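Visitor: I have a model open and I'm new to this. Can you walk me through it?

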Amino acid sequence: MPDPRFKVLTSASTSGPGDAGRTGSWRVERPVIDMSSCIPAKTGKHACHLCWLLCPDNVVSKEIEPAIDLEYCKGCGICAQECPVQAISMVPDADFLEGADSE
Amino acid sequence: MSNPIIESGNVAAAMAVQLARAEVIAAYPITPQTPVTEKLSELIAAGKMDAEYVAVESEHSAMAVCIGAASAGVRAFTATSSNGLLYMSEQLHWAAGARLPIVMCVVNRAIGAPWSVWNDHQDAISQRDTGWIQIFAKDHQEIVDMTLKAFRLAELVHIPVMVNYDGYYLSHTYMPFEPPDAEHVDAFLPAYTYKHALTPERPESLNTVTLPDARLDVDGIKRGGYMDIRHNLHEEMGKSIEVWEEIDQEFQALFGRGGHPVIDPYRCDDADVVIVAMGSMANQFRVVVDRLRQNDGLKVGILALQMYRPFPSAIIAEALQSARHVMVYEKGLSYGNQGALYGDIKSALYPYPARPRLHNFIAGLGGRAIPTESLYQTMKTACEQDLQTPSAQADAPQWIGLQL
């Protein structure tokens with residue numbers, strides 16, 4: 001047991017959202033899901049969910065309509081690449097800025 | 001109290017590690033350390049020690065295994081020498097920054113090139129800025145006692161400790177010493193626990209990329225950035241001197257030995273000239289001091305430095321306040337500058353009113369013999385000149401025993 005007079009500062013962290021900062025700010029492109037072709041959304045069944053399974057940051061929810069937590073999504077594009085029905089497209093984040101051209 | 005036995009310094013170290021109930025030993029053999037690891041592997045194979053012996057392929061891996069073991073809350077030990085110590089250098093910084101209480105014996109040996117298996121202190125000196133606590137033993141009894149106390153210190157302050165003893169002079173010579181009895185050792189050294197011990201029940205990331213700035217963790221608690229963590233290591237290394245003294249007192253109460261954990265002065269009370277040295281050379285100087293006092297009427301003393309990092313600046317400076325001359329003899333240096341210990345002592349004295357004249361001697365590199373007669377003669381000559389040498393000249397190290 002350490003001596004109580006010693007603080008023993010170390011770098012130790014439990015995993016959880018925000019532990020490495022708001023990593024969503026790293027993103028250049030964000031994934032957008034087309035629910036009309038997404039398998040669980042279209043069938044109303046818990047099927048596929050490959051985006052949930054393969055997201056390296058665990059920001060995709062395992063729901064009938066999968067949701068992406070944009071606070072932490074780094075925009076890596078793995079979900080878009082892996083989606084078997086190409087329901088996910090990567091859209092430049094700049095398009096979502098206030099005042100961006102809506103075209 | 002147990003009976004004295006006669007054994008080598010390496011076996012003394014292994015016995016201490018056995019008594020300390022180390023649970024993981026990971027080591028790679030290197031002369032003159034090899035017999036420590038051989039003895040430990042024998043003890044484990046014979047069922048006399050309940051530990052895992054990991055036969056690694058390098059010293060870098062040896063320290064990595066110790067880091068893993070200590071991170072899982074297990075008491076870990078390794079030993080090395082010379083180039084082996086340098087090979088684990090990166091991991092030494094890691095163990096200190098991660099605040100893991102690993103204990104390592106370094107059987108001091110010269111560093112190649114050219115290859116030398118013989119003794120000097122350059123291996124330990126070259127690793128002085130890793131954040132490890134470095135202590136130096138002078139004889140076999142100190143190897144045993146310091147190694148046991150090192151585990152206690154490491155686990156109280158959460159800083160790894162390097163126990164240094166001279167290759168051959170101590171590692172391979174046989175000397176009588178008292179192995180402490182196991183029951184008292186168990187009372188002195190409680191089981192190791194680690195609050196961040198890795199367990200699947202409570203997963204944590206240890207020492208991942210740590211940002212320059214402090215941050216809020218997932219629980220909203222402010223956690224230090226790299227600089228805060230390193231500042232804490234520095235501060236707490238300094239505070240470890242006091243803890244080391246307290247541990248020595250506890251040890252003395254249980255085993256009846258100790259009393260000089262940081263510096264060990266011999267005939268220094270009335271000394272005009274104080275010699276400072278580390279390791280076995282400091283014991284050799286006791287004979288020289290006796291002769292200089294008896295034959296030449298010179299008031300000389302020897303101050304053995306037991307703890308090199310953290311450097312006990314105030315304790316040393318105060319011990320040298322009444323000396324007129326201080327002679328620093330050492331087996332390691334900062335190439336292109338001067339003896340490493342000499343530089344440290346000079347800087348320790350700077351804030352103090354009395355600044356004795358300092359003299360630096362480099363001796364015994366790569367096992368070059370240091371005959372007691374030559375120490376006696378250099379001291380006698382230096383004292384007879386009454387050290388009139390101009391300061392700048394006296395500041396340059398004098399190499400003793402050169403043959404070319």
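**Chains, domains and odd bonds**

Guide: Across the interface of chain A and chain B there are two salt bridges. Keep in mind that this is a predicted model.

Visitor: Which residues meet in a salt bridge there?

Guide: One of the pairs is A:R5 with B:E246. Their side chains come to 2.7 Å, N to O.

Visitor: How many salt bridges are there over all chains?

Guide: The count is 27 over all chains. The pair of A:R5 and B:E246 crosses between chains. A:R5 sits in the segment before β1 of chain A. B:E246 belongs to helix α9 of chain B, residues 226-255.

Visitor: Okay, how many residues of each chain are in contact?

Guide: Chain A puts 17 residues in contact with 28 residues of chain B. Together the two chains bury about 2,100 Å². Carbon and sulfur atoms give 50% of that.

Visitor: Which residues in chain A lose the most area to chain B?

Guide: Those are A:F6, A:L9 and A:S11. Together they make up 29% of what the chain A side buries.

Visitor: And how many residue pairs are in polar contact across that interface?

Guide: There are 10 such pairs, with both residues at pLDDT 80 or more. On the chain A side that touches chain B, seven residues are nonpolar, six are polar and four are charged.

Visitor: What about strands? Which ones join chain A to chain B?

Guide: Look at β1 of chain A, residues 12-13, and β9 of chain B, residues 205-206. Two bridges join them, and the strands run antiparallel.

Visitor: What stands opposite A:A12?

Guide: That is B:L206, in β9 of chain B.

Visitor: New topic. Which domains does chain B have?

Guide: The domain assignment gives domain 1, residues 5-188, and domain 2, residues 263-400. Their C-alpha centres lie 28 Å apart.

Visitor: How many residues of the two domains are in contact?

Guide: In domain 1 of chain B, 24 residues are in contact with 28 residues of domain 2. The area buried between these domains is about 1,900 Å². Of that, 52% is on carbon and sulfur atoms. On the domain 1 side, B:R128, B:F136 and B:K138 lose the most area to domain 2. Those three account for 32% of what that side buries.

Visitor: What does B:K138 form a salt bridge with?

Guide: Its partner is B:D264, and the closest N and O atoms are 2.8 Å apart. The interface of the two domains has two salt bridges. It also has 13 residue pairs in polar contact, both residues at pLDDT 80 or more.

Visitor: Which elements of domain 1 give two or more residues to that side?

Guide: They are α6 (122-126), β6 (133-136) and α7 (140-157) of chain B. The largest share, four residues, comes from β6 of chain B. By class, the domain 1 side has 12 nonpolar, five polar and seven charged residues.

Visitor: Last bit. Where are the cis peptide bonds, say the one to B:P114?

Guide: The bond from B:A113 to B:P114 is cis, with omega near -10°. The bond from B:G112 to B:A113 is cis too, with omega near 10°. B:A113 lies in the loop between β5 (103-108) and α6 of chain B. B:P114 is also placed in the loop between β5 and α6.

Visitor: Why point those out?

Guide: Because most peptide bonds are trans.

Visitor: And is phi of B:N207 positive or negative?

Guide: Phi of B:N207 is positive, near 55°, and this residue is not glycine. Most residues other than glycine have a negative phi. You'll find B:N207 in the loop between β9 and β10 (215-216) of chain B.

Notes. Residues numbered from 1 in each chain as written. Chains lettered and ligands numbered in written order. Predicted model: local features only at pLDDT ≥ 70, side-chain atom pairs only at ≥ 80, totals over all residues. Heavy atoms only, no water. Contact = heavy atoms within 4.5 Å. Buried area = accessible area lost by both parts, 1.4 Å probe. Salt bridge = Lys/Arg side-chain N within 4 Å of Asp/Glu carboxyl O. Polar contact = N/O pair within 3.5 Å; in protein donor to acceptor, adjacent residues only side chain to side chain. Nonpolar A, V, L, I, M, F, W, Y, C, P; charged D, E, K, R; others polar. Pairing = 2+ DSSP bridges. Domains from an automatic or database assignment.
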